[in-house]
Amino acid sequence: MTHRILFSLALFVLICIPLPAAIIRVPSGSATIQSAILAASSGDTVLVERGTYFENINFLGKNIVVASRYLLTRNPHDIEETVINGGSPLSPDSASCVRIVSGEDSTALLEGFTLTGGRGTRWTDEHGAGVFVEGGGILIQYSSPTIRHNRIIGNEAIAKPAGVRSAGGGGSRVGDGFPRILNNVVMNNHGMYGGGIVLNFTGAVVRNNIIAQNTVDQAVAGAETFGGGGIWAFSNYGAVPKIIENNTIVENASSGSGSTQAGKGGGFITGGTTVELRNNIIRNNT
């Protein structure tokens, strides 16, 4: 009887001890970033070596770290030389470089990449506004991840296939969550609203970013445009504010037609929402 009790106690202890977090290395341990994410569990780290990865990745609801070696080295060349290029999607309807759309929390971290070539994801607006193509670089929905120390450059959300109302959030589109967007460069992205960042029915902390040379224009004849060359921020997420601070928002541009917001907010446009906007440099926007 004593041995049986001891065995049961030992088994209970083994079951209760959490497994250590794993580090899955790309490409040595897993050939692609997405295959590493598939193999990962919440708490794990996907660590990516320098190189260009033609992928459109999805966090799949996992609270994991996906990072370049910048996570370890703090060498900015690791950001520049670890590239997720979203320009060769398996489906044109899922062409964002990164999707974080399944309830991930702040421990889901994307750090140390250049995101480029993304063209956005076909997305039905959860608040009834219609179907859009959104989030060229990153699409975040129902989630509150941390997006830190990335270069989000040269992405677009301008496609308007049949049934789509408009397209925007060239750099990133955020909805219904509270992400932290920190210390990124968001530059040379293109949309028909929110050339740099869209914040729609969401809280957010957008801090210490460079948001520059993003554009909104009439990319598709007859499509509605809604302004906001640098940032487009509309509608509240409960009582949670949008905190926009210590950013440099410069040389962005907004033009186009089709709505009351069209052509407005070269740097920043906001409406129907609570924003704490402080200590930013906002200049030379058109």
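This briefing describes the overall form of one protein chain and the strand pairing around β13. The model is predicted. The protein chain contains 4 helices and 32 strands. Its radius of gyration is 20 Å, close to the 19 Å that the globule rule gives for 286 residues, so the chain is as compact as a globular protein of that length. Seven of the strands are arranged in an open sheet with parallel pairing, and β13 is one of them.

**Overall dimensions and packing**

- The C-alpha trace of the protein chain spans about 80 × 40 × 40 Å along its principal axes.
- Buried residues make up 53% of the 286 residues in the protein chain.
- Of the contacts in the protein chain between residues at least 6 apart in sequence, 75% join residues at least 24 apart.

**Surface and charge**

- The protein chain has an accessible surface of about 11,900 Å², and carbon and sulfur atoms account for 57% of this area.
- Positive and negative side chains number 20 each in the protein chain.
- The centres of these two sets of charged side chains lie 3 Å apart.

**The open parallel sheet**

- The order of the 7 strands in the sheet is β4-β8-β13-β18-β22-β26-β30.
- The edges of this sheet are formed by β4 (57–58) and β30 (268–271), each of which pairs on one side only.
- In this order, β13 stands between β8 and β18.

**Strand β13 and its faces**

- Strand β13 comprises residues 138–141, and both of its faces are covered.
- Ile138 and Ile140 lie on one side of β13 and are buried.
- Leu139 and Gln141, on the other side of β13, are buried as well.
- In general, the side chains of a regular strand alternate between the two faces of the sheet.

**Pairing of β13 with β8 and β18**

- Strand β8 (residues 98–100) runs parallel to β13 and is joined to it by 3 bridges.
- Val98 has Ile138 of β13 as its bridge partner, and Ile138 is among the buried residues of that strand.
- The pairing of β13 with strand β18 (residues 172–175) is also parallel and extends over 4 bridges.
- Ile140, which is buried, stands opposite Val174 in β18.

**Continuation from β18 to β22**

- Strand β22 (residues 197–200) pairs with β18 in the parallel sense over 4 bridges.
- Ser172 has Ile197 in β22 as its bridge partner.
- Beyond β22, the sheet order continues with β26 and then β30, the latter being an edge strand.

Technical notes: Residues numbered from 1 in each chain as written. Predicted model: local features only at pLDDT ≥ 70, side-chain atom pairs only at ≥ 80, totals over all residues. Heavy atoms only, no water. Helix = DSSP H or I, 4+ residues; strand = E, 2+ residues; numbered from the N terminus. Rg over C-alpha atoms; globule rule 2.2 N^0.38 Å. Buried < 20%, exposed > 50% of the residue type's maximum accessible area, 1.4 Å probe, protein only. Contact = heavy atoms within 4.5 Å. Areas by Shrake-Rupley, 256 points an atom, 1.4 Å probe, with all protein chains shown as cover. Lys, Arg positive; Asp, Glu negative; His and termini not counted. Charge placed at Lys NZ, Arg CZ, Asp CG, Glu CD. Pairing = 2+ DSSP bridges.
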